[in-house]
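Student: Hi! I have a structure open and would like to talk it through with you. Could you have a look?

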Amino acid sequence: MQNQVLSIESPLQHSIPLSKCISHDVFLKLENVQPTNSFKIRGMTRMCSKRRDAGYKKFISFSGGNAGISLAYVASQMNIPCHIIVPSFVSERITNRMKSLGAVVETAPDSRQAQLEAIRLADSSPEYSLIHPYDDEDLWDGYSTIIDEIKKQLNGKIPSCLLLSVGGGGMLLGFMTGLKRHGWEDIPIIAVETFGAHCLNKSIIAGKSVDNVMTSIAKTLGAPSVAPKVLENLPNFRVISEVQPDSAAIEACLKFSDDHAFCVEPSCGVTLSVIYEGLLPGIMERTDLNCFQIDQW
């Protein structure tokens with residue numbers, strides 16, 4: 001059976017207000033207009049299609065928000081039940097949305113316990129498949145289509161850099177996959193996190209994957225740790241890790257709402273804050289290394 005395509009080709013919109021902040025053209029890849037309002041649907045569709053075709057009858061996952069919503073949507077479209085374990089910091093609004101899409105939702109004390117419970121449940125039956133929210137090659141392949149679309153939509157232009165928010169690193173790995181496919185490995189990637197959800201930044205400093213104790217308001221960045229493949233791939237790409245406070249993320253959300261009439265969450269706002277605060281030009285001046293750099297917290 002062929003993979004279902006439940007995502008759309010999202011618009012690439014030139015932002016006049018953001019461009020004025022740094023005196024350079026800024027384009028927005030509007031993944032918020034996807035059926036589940038996030039990029040996660042791209043990877044979940046690809047991953048779940050393969051697991052369905054392999055004969056699995058139920059999907060099990062753990063999530064801090066957007067991955068669970070996308071899984072619940074994809075599973076409902078495939079008529080396959082799913083069970084999602086969420087950490088206790090996930091809001092009732094998010095869990096209710098998962099439930100409205102047909103998912104069974106269970107709460108665990110924290111991100112790590114949610115992950116362990118999902119693994120235990122998935123292992124309880126050969127008909128159950130663990131759908132990891134960020135650490136799976138099928139997910140990264142799905143997210144890599146964002147780069148395919150950007151290349152087409154830019155009509156021959158090459159980006160000076162790419163900015164994205166990082167939780168567990170799934171989208172970052174998808175970007176790496178897409179950049180490699182198009183020979184764009186030299187394009188700098190600005191990987192932005194909030195303080196209190198900065199497991200990538202802490203892992204780079206430690207030289208290994210480090211567990212994160214979630215204290216940030218940007219709850220959907222609350223992965224228990226970054227995917228190990230991120231650290232393995234860093235030497236092959238120009239990744240710069242940036243950490244911003246929650247206050248900057250919130251302020252950027254408010255400004256973005258005024259500028260574009262889109263209401264986005266702090267997990268998105270933290271990347272916008274790099275533009276709104278005029279930080280990007282200074283960051284770009286530090287992209288002369290062959291591997292990665294960090295702002296240490």
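Student: Let's start with helix α12: how many of its residues are buried?

Tutor: Happy to help, and do keep in mind that this is a predicted model. In helix α12 (residues 266-276), 10 of the 11 residues are buried, so the helix is largely enclosed by the rest of the structure.

Student: Which residues in α12 are buried?

Tutor: The buried ones are P266, S267, G269, V270, T271, L272, S273, V274, I275 and Y276.

Student: And what follows α12?

Tutor: G278 follows α12, and its phi is positive, near 70°.

Student: Okay, new topic. At what angle do α3 and α4 pack?

Tutor: Helix α3 (residues 66-78) and helix α4 (residues 92-100) pack at about 15°, and their axes are 8 Å apart. Angles under 35 degrees count as roughly parallel, and that makes α3 roughly parallel to α4.

Student: Is the crossing left-handed or right-handed?

Tutor: The crossing of α3 past α4 is left-handed.

Student: Which residues meet there?

Tutor: From α3 there are G68, I69 and A72, which meet I94, R97 and M98 of α4. By type, the residues of this contact between α3 and α4 divide into 4 nonpolar, 1 polar and 1 charged.

Student: Nice. Now the sheet: in what order do the strands of the open sheet run?

Tutor: The order is β5-β4-β3-β6, so to speak from one side to the other of an open sheet of 4 strands, and the pairing is parallel. Going from one strand to the next, the twist averages 20°.

Student: Which strands stand at the edges?

Tutor: Those are β5 (104-108) and β6 (128-130). Each has a single partner strand, so one side of each is left without a neighbour in the sheet.

Student: How many bridges are there between β4 and β5?

Tutor: Strand β4 (residues 82-87) pairs with β5 over 5 bridges, in the parallel sense. If you want a specific pair to look at, P87 has A108 in β5 as its bridge partner.

Student: Last one, E242. Where is E242 placed, and is E242 buried or exposed?

Tutor: E242 lies in strand β9 (residues 239-244). Its relative accessibility is 3%, so E242 counts as buried; the cut-off for buried is under 20%.

Student: How far apart in space are E242 and L200?

Tutor: Their C-alpha atoms are 9.5 Å apart, while E242 and L200 are 42 residues apart in sequence.

Definitions and conventions. Residues are numbered from 1 along each chain as its sequence is written. This is a predicted model: local features need pLDDT of at least 70, side-chain atom pairs count only at pLDDT 80 or more; totals for chains, interfaces and linings use all residues. Side-chain values use heavy atoms; hydrogens and water are left out. Axes are lines fitted to C-alpha atoms, for helices over the stretch in contact, and angles run from 0 to 180 degrees between N-to-C directions. Helices (H or I, at least four residues) and strands (E, at least two) are DSSP runs, numbered from the N terminus. Angles under 35 degrees count as roughly parallel, over 145 as roughly antiparallel, 65 to 115 as roughly perpendicular and the rest as oblique. A crossing is left-handed if the near helix is turned anticlockwise from the far one by less than a right angle, and right-handed if clockwise. Contact means heavy atoms within 4.5 Å. Ala, Val, Leu, Ile, Met, Phe, Trp, Tyr, Cys and Pro count as nonpolar, Asp, Glu, Lys and Arg as charged, and the others, Gly among them, as polar. Two strands pair if DSSP finds at least two bridges between them. Buried means under 20% relative accessible area, exposed over 50%, partly exposed in between (1.4 Å probe, protein chains only).
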